[in-house]
Amino acid sequence: MPEASAASPVKVPLFSAARERVGDFEVAGSVFGRVGDNSILHEAVRMQLANRRRGTASTKTKGFISGGGKKPWRQKGTGRARAGSTRSPLWRHGGTIFGPQPRDYSYKMPKKAWRHALCLALSDRAKNGKLIVVESLELAEPKTKAANAFLAALGATHALIIVGEEDGNFFRAARNLAAHKVLPYVGLNVYDVLNHEELVMTTRMVKAIEARLSRVSVEPPEA
């Protein structure tokens with residue numbers, strides 16, 4: 001997987017806590033301005049969906065069905081086909097051949113590939129004007145109605161909001177919104193970025209994500 005090139009910074013809209021545009025905000029081109037083969041996005045989403053599968057589907061083979069221990073009729077002389085058990089897969093109420101059994105569907109893709117896919121997803125939102133950066137996610141009161149009004153003022157219709165520990169009030173206020181999803185900083189992933197129209201985060205979260213995806217060791221932002 002190729003490393004990120006020294007791309008020039010990308011400018012995105014910056015909004016104040018009062019939901020007023022105050023100018024532009026520069027984000028790192030190595031994270032929010034990356035280009036590459038988008039097929040890796042498919043691989044990342046496929047991995048995430050596979051890892052979410054419970055893998056509990058189970059069918060009964062011949063050995064798991066009760067009964068059928070006695071031979072239905074003698075081997076020869078009846079004019080009928082040979083049969084050894086009424087639980088044969090060929091019979092009604094018989095076992096299932098090659099049916100699904102409980103299994104683990106999860107797997108991992110290389111870390112560099114996953115990081116590259118996440119950068120491509122973030123870059124797509126920045127390039128198409130769907131990345132909304134705000135100075136703060138503070139609310140006058142931690143109410144769902146207030147969070148919904150906040151996002152509506154930003155023009156967000158189906159947004160993924162990335163929050164840190166300092167945004168606890170907004171997280172509690174927005175987690176019940178049906179049209180939006182609020183996600184902790186540590187849970188940022190390709191599927192949720194691509195599954196929402198807009199991406200909303202604070203300037204603090206932008207810097208934390210840039211440090212994380214630029215291979216710089218950084219602790220999650222503290223309150």
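In what pattern do helices and strands follow one another along the sequence of the protein chain? The model is predicted. Read from the start, the protein chain runs β-β-α-α-α-β-α-β-α-β-α-β-α. That comes to 7 helices and 6 strands.

Take the overall form next. The protein chain has a radius of gyration of 27 Å, whereas the globule rule gives 17 Å for 223 residues, so the chain is more spread out than a compact globule. The C-alpha trace spans about 95 × 45 × 30 Å along its principal axes. Of the 223 residues, 39% count as buried. The accessible surface is about 13,300 Å². Carbon and sulfur atoms account for 50% of that surface. The chain carries 35 positive and 20 negative charges, and the mean positions of these two sets lie 23 Å apart. Contacts reach along the sequence too. Among those between residues at least 6 apart, 68% join residues at least 24 apart.

Now turn to the strands. A good place to begin is β6, residues 198-202. Strand β6 is mostly covered, with 5 of its 5 residues buried. In a regular strand, side chains alternate between the two faces of the sheet. In β6, E198, V200 and T202 lie on one side. L199 and M201 lie on the other. Both faces are covered, and the residues named on each are all buried.

Which strands pair with β6? Strand β3, residues 131-134, is joined to β6 by 4 bridges, and the two run parallel. Strand β4, residues 159-163, is also joined to β6 by 4 bridges, again in parallel. M201 of β6 links the two pairings. V133 stands opposite M201, and I162 stands opposite M201 as well. On the β3 side there is a further match: L131 stands opposite L199 in β6.

Strand β3 repeats the covered pattern. L131 and V133 sit on one side of β3, and I132 and V134 on the other. Both faces are covered, and these four residues are buried. Besides β6, strand β3 pairs with β1, residues 10-15. This pairing is parallel and has 2 bridges. In it, L14 has V133 of β3 as its bridge partner. V133 therefore has a place in both pairings: it is matched with L14 and stands opposite M201. Stay in β1 for P13. Is P13 buried, exposed or partly exposed? At 22% relative accessibility, P13 counts as partly exposed. P13 and L131 are 118 residues apart in sequence, but their C-alpha atoms are 7.7 Å apart in space. Leaving aside neighbours within four places in sequence, P13 is in contact with R21, G23, D24, L131, I132 and V133. Of these, L131, I132 and V133 are buried residues of β3.

The last stop is a helix. D192 is found in α6, residues 190-194. Is this residue, D192, buried or exposed? Its relative accessibility is 3%, so D192 counts as buried. Beyond residues up to four places away in sequence, D192 touches R52, L160, K181 and L183.

Notes
Residues numbered from 1 in each chain as written. Predicted model: local features only at pLDDT ≥ 70, side-chain atom pairs only at ≥ 80, totals over all residues. Heavy atoms only, no water. Rg over C-alpha atoms; globule rule 2.2 N^0.38 Å. Buried < 20%, exposed > 50% of the residue type's maximum accessible area, 1.4 Å probe, protein only. Contact = heavy atoms within 4.5 Å. Areas by Shrake-Rupley, 256 points an atom, 1.4 Å probe, with all protein chains shown as cover. Lys, Arg positive; Asp, Glu negative; His and termini not counted. Charge placed at Lys NZ, Arg CZ, Asp CG, Glu CD. Pairing = 2+ DSSP bridges.
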